[in-house]
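Here is a friendly walk through one protein model, written for someone who likes to know how each value was defined. Please keep the viewer open while you read.

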Amino acid sequence: MKILFLSRWFPHPPDNGARMRVFHLLKGLARKHRVDLISFVEDPPSPDSCEVLRGFLGEVLTVPYRAFQPGKLTALAGFFSPTPRSLLDTYSRAMADTVSRLAEKERYDLVIASELDMAPYARLVSGARKVLEELEVTKIARRSLDEPHPLRRLRYRLTWWKLSRYLGHLLNEFDGCTVVSEPEREAVMRCAPQLKKMAVIPNGVDLSFYQPADEKEMEPDSLIFTGAVSYRVNFEGLEYFTREIYPLILAERPGARLYVTGKTDPAPLERLNLREKIVFTGYLADLRPMLRRACVNVVPLLTGGGTRLKILEGWAAGTPIVSTSRGAEGLSFEDGRHLLIADLPAQFARAALRIMSDPALRASLRENGRALVETHYGWNAIVERLDDFLVEISSGESIRR
């Protein structure tokens with residue numbers, strides 16, 4: 001097949017979850033198909049990054065991205081439009097022109113719009129089947145139910161109502177859709193029950209890149225929280241951990257140390273409790289040494305959707321994990337075998353302390369977690385699943401109306 005892939009995220013270097021997914025899907029699909037890429041970029045990509053991508057892709061074209069600005073006139077006018085405000089405000093005429101020009105020059109069998117931001121541009125390509133890849137809606141859906149403040153809850157409910165109606169119409173123009181988890185699939189089906197072709201294509205991990213940790217490499221009483229705390233979902237989880245859970249751990253293990261990896265700016269770090277007991281490493285180009293060093297990988301997330309690459313990376317690196325139910329949502333696992341689930345602060349602290357004090361438990365979680373990602377979450381198997389779905393879409397009768 002000849003595929004045009006439209007990406008919100010320039011996929012190299014693959015240094016966050018969205019870029020990792022796009023990079024590995026592109027690389028895998030390019031083994032069987034001709035794949036061209038048009039991607040937004042927040043900063044001009046390096047020549048080396050472009051060269052890496054051109055090593056397995058055809059065209060690699062970029063367009064500058066302008067972030068959503070809620071206070072702008074376009075965004076404010078979006079309150080009165082059936083289209084989500086963020087899509088209206090960030091719509092790029094340059095991206096539309098680039099897609100249209102390439103589509104006129106080349107005849108594509110399939111167009112993949114990666115994430116909702118790229119859907120408007122896929123609609124410009126005629127004569128090709130269209131797939132919306134990695135649609136995520138549960139984050140907004142849950143906010144509409146879980147937000148404690150009445151006015152903010154009303155705003156999220158209106159946002160969810162508007163998004164649901166928009167997706168109900170938008171997905172009529174697509175031949176298929178992918179999501180990363182079963183909860184996402186169920187949420188999308190509530191928006192577009194008429195959608196006939198949808199596949200769960202989970203996030204994955206590079207098994208050749210990560211190797212399991214050895215017990216002797218671990219620093220006693222060390223915990224790690226991975227991911228940029230500049231991302232609101234991560235910051236809220238870390239704030240909850242330092243306020244409600246970490247003091248309970250320190251009461252039993254005063255020498256415990258929490259390592260936080262990833263970007264911090266512009267997160268309000270002053271709101272975090274026990275900052276003197278936290279080591280902020282900043283962004284790490286290679287997370288493996290820190291994962292191998294940590295005794296416990298904590299995932300105390302309270303909100304968000306999709307599936308957590310931080311858990312997949314922890315399993316692949318052999319770092320024992322404690323997570324909330326929400327943090328591990330959408331992944332296939334057995335509590336107590338692959339990781340420990342704890343939703344109350346005291347339970348979470350006890351789970352972390354158990355791992356710190358029990359070498360046999362650490363060994364069991366390391367071994368079983370690694371076996372799970374090798375069986376279910378390697379990128380090669382995931383790309384095969386996606387490829388089967390795309391071939392089905394390409395060869396079947398169009399469902400677009």
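The sections below cover the conventions, two sheets, a pair of helices and some backbone details.

## Ground rules

This is a predicted model, in which local features need pLDDT of at least 70, side-chain atom pairs count only at pLDDT 80 or more, and totals for chains, interfaces and linings use all residues. Residues are numbered from 1 along each chain as its sequence is written, and side-chain values use heavy atoms, with hydrogens and water left out.

Helices (H or I, at least four residues) and strands (E, at least two) are DSSP runs, numbered from the N terminus. Two strands pair if DSSP finds at least two bridges between them.

## The seven-stranded sheet

Let's begin with the sheet whose strands run in the order 3-2-1-4-5-6-7; it is open, has seven strands and pairs in parallel. At its edges stand strand 3 (60-64) and strand 7 (198-200), each pairing on one side only. On average, neighbouring strands here are turned by 15 degrees against each other, direction ignored. For such angles, axes are lines fitted to C-alpha atoms (for helices over the stretch in contact), and angles run from 0 to 180 degrees between N-to-C directions.

Within this order, strand 5 (residues 129-133) and strand 6 (residues 176-179) are joined by two bridges in the parallel sense. Valine 131 has glycine 176 of strand 6 as its bridge partner. Helix 9 (residues 182-191) packs on the sheet and touches strand 6 and strand 7, where contact means heavy atoms within 4.5 Å. The direction of helix 9 makes about 160 degrees with that of strand 7.

## The six-stranded sheet

A further open sheet has six strands in the order 10-9-8-11-12-13, again with parallel pairing. Strand 10 (278-282) and strand 13 (340-341) are its edges; each has a single partner strand, so one side of each lacks a neighbour in the sheet.

Strand 8 (residues 222-225) pairs with strand 11 (residues 296-299) over two bridges, in the parallel sense. Look for leucine 223, whose bridge partner in strand 11 is valine 296.

## Helix 7 meets helix 8

Helix 7 (residues 138-146) and helix 8 (residues 150-170) have axes that come within 7 Å and cross at roughly 145 degrees. The crossing is left-handed, a term used if the near helix is turned anticlockwise from the far one by less than a right angle (right-handed if clockwise).

On the helix 7 side, the contact involves Ile140, Ala141, Arg143, Ser144 and Leu145. Helix 8 brings Arg153, Tyr156, Arg157, Thr159, Trp160 and Leu163. The residues of this contact divide into six nonpolar, two polar and three charged. Here Ala, Val, Leu, Ile, Met, Phe, Trp, Tyr, Cys and Pro count as nonpolar, Asp, Glu, Lys and Arg as charged, and the others, Gly among them, as polar.

## Backbone details in the loops

Where do the cis peptide bonds sit? One runs from histidine 12 to proline 13, with omega near 0 degrees, and proline 13 is in the loop between strand 1 (2-7) and helix 1 (17-29). Another joins aspartate 265 and proline 266 with omega about 5 degrees; proline 266 is in the loop between strand 9 (257-261) and strand 10.

Glutamate 115, although not a glycine, has a positive phi of about 80 degrees. This residue lies in the loop between strand 4 (110-114) and helix 6 (119-122). Glutamate 115 is buried, at 16% relative accessible area; buried means under 20%, exposed over 50% and partly exposed in between (1.4 Å probe, protein chains only). Glutamate 134 likewise has a positive phi, near 60 degrees, in the loop between strand 5 and helix 7. Glutamate 134 is buried, with a relative accessible area of 12%.
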